[in-house]
Amino acid sequence: MRIVISEFMSLDGVVQAPGGPEEDTEGGFTQGGWSHPFFDEVVGGAFDTALKDADALLFGRRTWQTMAAAWPERAGDPFADRMNAIPKHVVSGTLGEDELTWSHTTLVPGATALTRIRELRAAEGRDLLVMGSATLARTLLREGLADELRLMVMPVIVGGGKTIFPGDGALRPLELVSTAISGTGVHVCTYRAVDPA
């Protein structure tokens, strides 16, 4: 499977809490919900396409807990039904098996996460989709395990917060595969990893 990272992102690279004020306040973050003014059919369509192309989802603990609290009660909507039915993997060193209440979820223990993720990536199938999960996404990029980035870059500067980009000084070239611009000014960009020259 290809590992695809899909993120709502501000112009200054922030991915923290795009959905709401209480989504992730870690570090004193107070700008939660910053993506709402820019969400339109183009952005929603990109999100929907990413899910349709996926055979499984991969989450960090915090994002999984947020999603697990929201999606099961939205059953009956085609997007929600797909979210609830698709296999899900959550990387965590603290969650127990008894806490995996969202259907079709498998625990990936933090201590062995990279080994298991490499196994999933080597398996047959379409995309293994990562949504949100900034720490996990940053690790995947650092380890060279991300095959594609689907970034919805929104015309707003958040001024600080979590990012997915490693800060290790390594050069990681990407190829722009496609781009679309929404009526609200969002650039929906798909990038693929390329080997450094």
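## Sheet, helices and a buried aspartate

Strands β7 and β8 (residues 187-193) run antiparallel and are joined by seven bridges; strands here are DSSP runs of E of at least two residues, and helices are runs of H or I of at least four, numbered from the N terminus. One such bridge links Ser178 to Thr190 in β8. This is a predicted model, in which local features need pLDDT of at least 70, side-chain atom pairs count only at pLDDT 80 or more, and totals for chains, interfaces and linings use all residues. Residues are numbered from 1 along each chain as its sequence is written, and side-chain values use heavy atoms, with hydrogens and water left out.

The eight strands form an open sheet with mixed pairing, in the order β4-β3-β2-β5-β1-β6-β8-β7; two strands pair if DSSP finds at least two bridges between them. At the edges are β4 (105-109) and β7 (174-181), each pairing on one side only.

Two helices lie on the sheet, with angles (0 to 180 degrees) taken between N-to-C directions of axes, which are lines fitted to C-alpha atoms, for helices over the stretch in contact. Contact means heavy atoms within 4.5 Å.

| Helix | Strands touched | Angle |
|---|---|---|
| α1 | β1, β2, β5, β6, β8 | about 165° with β6 |
| α4 (residues 113-122) | β1, β2, β3, β4, β5 | about 160° to β3 |

Asp127 is found in strand β5 (residues 127-131). Is Asp127 buried or exposed? Asp127 is buried, because its relative accessible area is 4%, and buried means under 20% (1.4 Å probe, protein chains only). Beyond neighbours within four places in sequence, its contacts include Met1, Asp53 and Arg150.

How values were computed. Buried means under 20% relative accessible area, exposed over 50%, partly exposed in between (1.4 Å probe, protein chains only).
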